[in-house]
Amino acid sequence: MEQAVANKRKRREEDLEYRTKDTLRSNISNYLRGRVKAGATQQILGYTFDDFWQEFELDILAFKLYGVSYEVDHKIPISWFNEQAPISLIWDLRNLQIIEAGLNSKKRNFWAHPVDDEYYKLVVPFLLRDGH
């Protein structure tokens, strides 16, 4: 675990693109947990924390009830999108799910869950590969 933290720290220091993406992910994650003021993040995503909460409240509460660690996961992994993909499309509520943290670690960079057809049609031009 310590080695993984050290590797991440080193990569953040050396790779500007990685640092930028990691910071963005962290900021959005904090926003989705209600830990930061909405402002610019809400404009970028196109939805409020309340919208997120309304969509995933039952899932989150179920994990908390059973004492299971959970994470916000992208059905289509972030790395599958090209650089022209709008952030709002990558972080669209239809591309998010709440899953058990251990399962998310095992899933890694795979497309493991279906997205609705309407959303899929929107993202196809921005995908580096097709997992549908």
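Me: In this predicted model, which burial class does Phe49 fall into, at 25% relative accessibility?
Reply: The class depends on two cut-offs, since buried means under 20% relative accessible area and exposed means over 50%. Phe49 has a relative accessibility of 25%, so this residue counts as partly exposed.

Me: Where do Phe49 and Trp53 lie, and what is the relative accessible area of Trp53?
Reply: Phe49 and Trp53 share one element, helix 4, where they are four residues apart, about one turn of the helix. Trp53 is also given a burial class, and it is partly exposed because its relative accessible area is 26%.

Me: How many aromatic pairs are counted, and why is the pair of Phe49 and Trp53 assigned to its class?
Reply: The count comes to six aromatic pairs. For Phe49 and Trp53, the ring centres are 6.2 Å apart and the planes stand at 20 degrees. Planes under 30 degrees apart count as stacked, and therefore the pair of Phe49 and Trp53 is stacked.

Me: Both Phe52 and Phe56 lie in helix 4, but what class does the pair formed by their rings have?
Reply: Phe52 and Phe56 are four residues apart in helix 4, about one turn of the helix, and both of these residues are buried. Their ring centres lie 5.1 Å apart with the planes at 45 degrees, so the pair is tilted.

Me: Which residues make up the aromatic cluster that includes Phe49?
Reply: Two ring pairs have been described, namely the stacked pair of Phe49 and Trp53 and the tilted pair of Phe52 and Phe56. These residues form one aromatic cluster, whose members are Phe49, Phe52, Trp53 and Phe56.

Me: Which element gives the largest share of the largest nonpolar core?
Reply: The largest nonpolar core holds 23 residues, of which Phe52, Ile76, Phe81, Val123 and Leu127 touch the most other members. Two or more residues come from each of helix 4 (49-65), helix 5 (87-90), strand 2 (96-100) and helix 7 (117-123). The largest share, four residues, is given by helix 4.

Me: Which residues does Phe81 touch, leaving aside those up to four places away in sequence?
Reply: Phe81 is among the core residues that touch the most other members, a group that also includes Ile76, Val123 and Leu127. Once residues up to four places away in sequence are set aside, the contacts of Phe81 are Ile76, Ile90, Asn95, Tyr119, Val123, Phe126, Leu127 and Leu128.

Me: How many residues apart in sequence are the parts tied together by the salt bridge of Asp73 and Lys107?
Reply: The structure holds three salt bridges, and in one of them the side chains of Asp73 and Lys107 meet at 3.1 Å, N to O. Both Asp73 and Lys107 are buried. Because Asp73 lies in strand 1 (residues 70-74) and Lys107 in helix 6, the pair ties together parts whose separation in sequence is 34 residues.

Me: Which residues surround Lys107, and what is its relative accessible area?
Reply: Lys107 lies in helix 6 (residues 101-107), and it touches Asp73, His74, Lys75, Pro77, Ala112 and His113 when residues up to four places away in sequence are not counted. Lys107 is buried, because its relative accessible area is 7%.

Me: Which residues are joined into one network by salt bridges that share partners?
Reply: The side chains of Asp92 and Arg94 meet in a salt bridge at 3.0 Å, N to O, and those of Arg94 and Glu118 meet in another at 3.4 Å. Arg94 lies in the loop between helix 5 and strand 2 and Glu118 in helix 7, so the second pair ties together parts 24 residues apart in sequence. Along these bridges, Asp92 counts as buried at 15% relative accessibility, Arg94 as partly exposed at 26% and Glu118 as exposed at 57%. The shared partners join into one network the residues Asp92, Arg94 and Glu118.

Me: What is the area of the nonpolar surface patch to which Tyr66 belongs?
Reply: Tyr66 is placed in the loop between helix 4 and strand 1, and this residue is exposed because its relative accessible area is 66%. Together with Leu65 and Val68, Tyr66 makes a nonpolar surface patch of about 360 Å².

Methods:
Residues are numbered from 1 along each chain as its sequence is written. This is a predicted model: local features need pLDDT of at least 70, side-chain atom pairs count only at pLDDT 80 or more; totals for chains, interfaces and linings use all residues. Side-chain values use heavy atoms; hydrogens and water are left out. A nonpolar core is a set of buried Ala, Val, Leu, Ile, Met, Phe, Trp, Tyr and Cys residues joined through side-chain atoms within 4.5 Å. Buried means under 20% relative accessible area, exposed over 50%, partly exposed in between (1.4 Å probe, protein chains only). Contact means heavy atoms within 4.5 Å. Rings of Phe, Tyr and Trp (its six-membered ring) pair if their centres lie within 6.5 Å; planes under 30 degrees apart count as stacked, over 60 as edge-to-face and the rest as tilted. A salt bridge is a side-chain nitrogen of Lys or Arg within 4 Å of a carboxyl oxygen of Asp or Glu. Patches are made of residues with over 30% relative accessible area and no salt bridge: like charges are joined within 9 Å, nonpolar side chains (Val, Leu, Ile, Met, Phe, Trp, Tyr) within 5 Å. Accessible areas come from the Shrake-Rupley method with a 1.4 Å probe; for residues, only the protein chains shown count as cover.
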